[in-house]
Amino acid sequence: MNPKPNSASPVATDAPAGGSVILAWLFVGVPLVWGVSQTFIKALALFK
Amino acid sequence: MADTSSSLLDRSRTIASAGYNRWLIPPAALAIHLAIGQAYAFSVFNKPLGSLISGDPANPAPSDWTPTQIGITFSIAIVLLGLSAALFGKWLERVGPRKAMMASALCFGGGFLIASYGISQHNIWLLYFGYGFVGGIGLGIGYISPVSTLIKWFPDRKGVATGMAIMGFGGGAMIASPMSVALMSHFKASAPQGVAPTFIVLGIIYFLFMQFGVWTIRVPADNWAPAGYVPNAEHSALITSGNVSADNAIKTPQFWLLWVVLLTNVTAGIGLLETASPLIQDTFSDKAMGVGNGVTAAAAAGFVGLLSLFNLLGRFFWSSASDKLGRKTTYAIYFGLGILLYALVPTLGHNLQLTFYVIAACVIVSMYGGGFATAPAFLSDLFGKFQVGAIHGRLLTAWSTAGVLGPLIVHQLHDHAKEKGLTGAAAYQNVFYTMAGLLVVGLLADLAITAVNEKYQEKGPVTIEAGGH
């Protein structure tokens, strides 16, 4: 069951993101970026 | 409306329609991994849980829980992660990712609620059962739930796709730690240390957050492939065109060699992470650097934070790089470069080379994270996509073993060094040399991995009912 190019199969797109894709990435991206920024601020103490 | 909620969770209801954008799948996976990655931030509760009776972390009451008692909670969770990933992997392949994600959300969120009740009653067994046992099962199912789906959606970028999800596990702690501190501060007036209500809120938040993954995840239709994708074997003969079941995979030497690879990489990484804060403070103390120039506790916390960032970045960077380099070569880099750096770190400490010391530690930790993220793609290369989630689940028992072995080795060696009167960098020297030795074992195991014998492969086409897709 190796994936093979198959014109009969449904095709998922790699097209530029639609609204739902952007919203989905924002939903997980915003908390992740917040967490990373908090950690980065904490890490700055090492360089003081 | 004939549909029931349970039928909505069935695999058959999650098959993507034509035109479904596969870039919705990584955020669905991230929603699960960002939530369960909270486990890495459990230590934020250590002091509050250890002072529920006295109310003062600096002066715990005799009846307060000890750090060792509290630490067992995390150990149970990690052991259950590995066990449940191994036990429920085949079930996951059969029922599909949506039902598995829902089970994970119920266990992980529910575990917090049970643990909260245990904390309010000061009953540590309920804490162990709730967060450790029930929550640990949620961790295991959640960790493997999106992996095989991602590999099926991204056969052309397996490393990138799984790297994104597993990066979320590293990022989860970065969200959980400040959020937990803020919640405990908010609830401090209404409950001892504010811990019990914090657990309730976290359980609800994580359950709801994971629902995004549950209802967004889709599996591709049979024989679906990305536009223009042609299966290739450009990196090595290790990439199979067949499929091996989970039961057969564990009969192959390749599985156990990869098990050793993961075990040694994780054990070595834990060796550094486990001691990061005292390590840098002891090595670059005021005594060694001159009064006022040593690494303070706040700076050491910054060092731990920096390592967390590189742990996260390494998961994505190295796993993505493995798509180009090949998995075996990528692991050889982890081990080859790791051996050099682990052997070098004590010398950097002796010579008080703080900058290079920090850089070396960051690279080491990035490869520790990379080791986790590259494993699913390596499994898919070796055993095919058929039951890769279940095989991955069984491989994660190496993580559980390393979770016990790593701290044990580190504490034994460090205690022994202190008993001999060694201080500063010298007290950690044998820890690093031992970890370098472990990485030599890992390198040899990696180099010994060859293509899986065709006799282990499934004969004929594999089906969903048989556990694949």
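The interface of chain B and chain A has zero salt bridges (a salt bridge is a side-chain nitrogen of Lys or Arg within 4 Å of a carboxyl oxygen of Asp or Glu). Keep that in mind for the first exercise.

A quick note before you start: this is a predicted model, in which local features need pLDDT of at least 70 and side-chain atom pairs count only at pLDDT 80 or more, while totals for chains, interfaces and linings use all residues. Residues are numbered from 1 along each chain as its sequence is written, chains are lettered from A and ligands numbered from 1 in the order in which they are written, and side-chain values use heavy atoms, with hydrogens and water left out.

**Exercise 1. Chain A against chain B**

Work out what area is buried between chain B and chain A, and which elements of chain B touch chain A.

*Step 1.* Start with chain A by itself. Chain A has one helix and zero strands (both are DSSP runs, helices being H or I with at least four residues and strands E with at least two, numbered from the N terminus). Of its 48 residues, 23% count as buried (under 20% relative accessible area; exposed is over 50% and partly exposed in between, with a 1.4 Å probe and protein chains only).

*Step 2.* Now the contact, meaning heavy atoms within 4.5 Å. Chain B puts in 50 residues and chain A 32.

*Step 3.* Interface size is often quoted as the accessible area lost when the parts come together. Here the buried area (the accessible area, 1.4 Å probe, that two parts lose on being put together, summed over both) is about 3,600 Å², and carbon and sulfur atoms give 72% of it.

*Step 4.* Look for polar links. The rule finds one residue pair in polar contact, both at pLDDT 80 or more (a polar contact is a pair of N or O atoms within 3.5 Å; within protein, one must be able to donate a hydrogen and the other to accept it, and residues adjacent in sequence count only if both atoms are side-chain atoms).

*Step 5.* On the chain B side, α2 (25-36), α8, α9 (195-216) and α14 (297-325) each give two or more residues. Helix α14(B) has the largest share, with ten residues.

**Exercise 2. Two domains in chain B**

Describe how domain 1 and domain 2 of chain B meet, and find which three residues supply the most area on the domain 1 side.

*Step 1.* Set the bounds: domain 1 covers 5-216 and domain 2 covers 246-455 of chain B, as given by an automatic or database domain assignment. Their contact takes 30 residues from domain 1 and 33 from domain 2.

*Step 2.* Taken over C-alpha atoms, the two domain centres are 23 Å apart.

*Step 3.* The pair buries about 2,700 Å², 69% of it on carbon and sulfur atoms. B:K90, B:K158 and B:M174 supply 19% of the area that domain 1 buries against domain 2, more than any other three residues.

*Step 4.* Count the polar links: 15 residue pairs are in polar contact, both at pLDDT 80 or more. Helix α8(B) gives twelve residues to the domain 1 side, its largest share.

*Step 5.* There are also two salt bridges between the domains.

**Exercise 3. Salt bridges in chain B**

Follow the salt bridges of B:K90, B:K152 and B:K158: which residue does each lysine pair with?

*Step 1.* B:K90 meets B:D247 at 2.8 Å, N to O. The link spans 157 residues, from helix α4 to helix α10 (residues 246-249) of chain B. B:K90 is partly exposed at 31% relative accessibility, and B:D247 is partly exposed at 34%.

*Step 2.* B:K152 meets B:E93 at 3.6 Å, N to O. B:K152 sits in helix α7 and B:E93 in helix α4, so the bridge ties together parts 59 residues apart in sequence. Both residues are buried.

*Step 3.* B:K158 meets B:D381 at 2.8 Å, N to O.

**Exercise 4. A serine in a loop**

Is B:S145 buried or exposed, and what does its side chain find as a polar neighbour?

*Step 1.* Locate it: B:S145 is in the loop between α6 and α7 of chain B.

*Step 2.* Check accessibility: at 0%, B:S145 counts as buried.

*Step 3.* List the contacts. Leaving out residues up to four places away in sequence, B:S145 touches B:I32, B:L92, B:P97, B:A100 and B:M101.

*Step 4.* Find the polar partner: the backbone oxygen of B:G142 is 2.9 Å from a polar atom of the B:S145 side chain.
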